[in-house]
Amino acid sequence: MASYLRFDFYGAWMRGNKLQNFPNCPVTAALAKGNYKQMKTLLDYGFLRNSRPFASYNVLLRNLVRLDDRLAQPFESARFGPDPFVREVLMFLIIKYIHKDDEDLSWNLDRCFYLLWSVIPNPIVTKYELVEDVYQLFDKYPNNDYTAEQRREMETIITTYDEMAFAPITESTPRSLRHLCRCVIRKCLTFTGNLPNGVTKLQIPKDLETYLLLTYRRS
């Protein structure tokens with residue numbers, strides 16, 4: 001099932017067709033809510049998000065997290081930048097910023113973020129790309145009433161990216177060969193229905209098994 005079913009911010013897709021029974025992407029819901037157990041279970045069995053922007057982000061905004069009108073309106077109306085994944089990272093940073101006073105939730109949000117980046121081959125988003133996306137969201141659209149206060153708030157939110165597991169990232173570069181191999185191996189195991197149990201049958205060193213199974217330790 002996981003080899004054909006894909007999730008994104010807007011729902012579930014089977015061979016390119018949207019499934020009506022999934023109002024939101026479970027992987028994204030787990031990320032937005034900091035539900036580490038749900039995220040780990042989904043990724044363990046090969047479920048991933050869909051990287052193609054099929055719909056508006058207002059589905060996520062209305063159902064997963066409450067934003068005030070100052071932030072919600074631009075996200076619902078602005079166009080995507082060249083890489084929609086940048087917008088998703090920005091949304092995550094805003095969610096984390098909203099819950100910054102909840103230490104346990106912030107920690108679980110970080111864990112979910114790390115897990116998601118552990119299974120996708122995308123280059124890690126840079127702070128410059130986030131700044132450009134903020135420009136795409138606000139500065140190009142005067143009707144969004146992007147005030148100086150909002151600018152300072154968004155700058156603060158983007159600054160928190162430096163505190164994430166991959167920070168600071170100053171330029172977009174390919175992921176490591178080791179990581180890309182993990183993505184390919186997990187994809188092959190998913191396609192044959194052998195993830196996660198098939199990892200132990202690969203006859204590889206224990207540390208590589210752990211790497212493929214996305215074991216996460218708090219630093």
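Helices in this description are DSSP runs of H or I with at least four residues, numbered from the N terminus. The model is predicted. Its chain has 10 helices and 3 strands. Read from the N terminus, the order of elements is β-β-β-α-α-α-α-α-α-α-α-α-α. The chain comprises 219 residues, of which 49% count as buried.

Helix 1 is mostly covered, with 7 of its 8 residues buried. The buried residues in helix 1 are Pro 26, Val 27, Thr 28, Ala 29, Ala 30, Leu 31 and Ala 32. Just after helix 1, Gly 34 takes a positive phi of about 65°.

The largest nonpolar core holds 41 residues, and the members that touch the most others are Val 89, Leu 90, Leu 130 and Tyr 161. Two or more residues of this core come from each of helix 1 (26-33), helix 2 (36-44), helix 5, helix 6, helix 7 (127-139) and helix 8 (148-159). The most is given by helix 5, which contributes 9 residues.

Salt bridges number 4 in the structure. One of them joins the side chains of Lys 40 and Asp 44, with an N to O distance of 2.7 Å. Both residues belong to helix 2 and stand 4 residues apart, about one turn of the helix. An α-helix has 3.6 residues a turn, so residues three or four places apart point the same way. Lys 40 and Asp 44 are both buried.

A salt bridge is also formed by Asp 133 and Arg 87, whose closest N and O atoms are 2.6 Å apart. Because Asp 133 lies in helix 7 and Arg 87 in helix 5, this pair ties together parts that are 46 residues apart in sequence. Asp 133 and Arg 87 are buried as well.

In another salt bridge, the side chains of Asp 110 and Lys 96 meet at 2.7 Å, N to O. Asp 110 is in helix 6 and Lys 96 in helix 5, and the pair links distant parts of the chain, 14 residues apart. Asp 110 is buried, and Lys 96 is buried too. Helix 5 thus holds a partner in the bridge to helix 7 and a partner in the bridge to helix 6, and gives the most residues to the largest nonpolar core.

On the surface, Asp 101, Asp 102, Glu 103 and Asp 104 gather in a patch of negative charge. Within this patch, Asp 102 lies in the loop between helix 5 (84-98) and helix 6 (103-117). The relative accessibility of Asp 102 is 38%. Residues from 20% to 50% count as partly exposed, so Asp 102 falls in that class.

Cys 183 is placed in helix 9, which spans residues 177-191. The relative accessible area of Cys 183 is 10%. The cut-off for a buried residue is under 20%, and Cys 183 is therefore buried. Cys 183 and Pro 121 are 62 residues apart in sequence, while their C-alpha atoms are 6.5 Å apart in space.

Key
Residues are numbered from 1 along each chain as its sequence is written. This is a predicted model: local features need pLDDT of at least 70, side-chain atom pairs count only at pLDDT 80 or more; totals for chains, interfaces and linings use all residues. Side-chain values use heavy atoms; hydrogens and water are left out. Patches are made of residues with over 30% relative accessible area and no salt bridge: like charges are joined within 9 Å, nonpolar side chains (Val, Leu, Ile, Met, Phe, Trp, Tyr) within 5 Å. Accessible areas come from the Shrake-Rupley method with a 1.4 Å probe; for residues, only the protein chains shown count as cover. Lys and Arg count as positive and Asp and Glu as negative; His and the chain ends are not counted. The place of a charge is taken as NZ of Lys, CZ of Arg, CG of Asp or CD of Glu. Buried means under 20% relative accessible area, exposed over 50%, partly exposed in between (1.4 Å probe, protein chains only). A nonpolar core is a set of buried Ala, Val, Leu, Ile, Met, Phe, Trp, Tyr and Cys residues joined through side-chain atoms within 4.5 Å.
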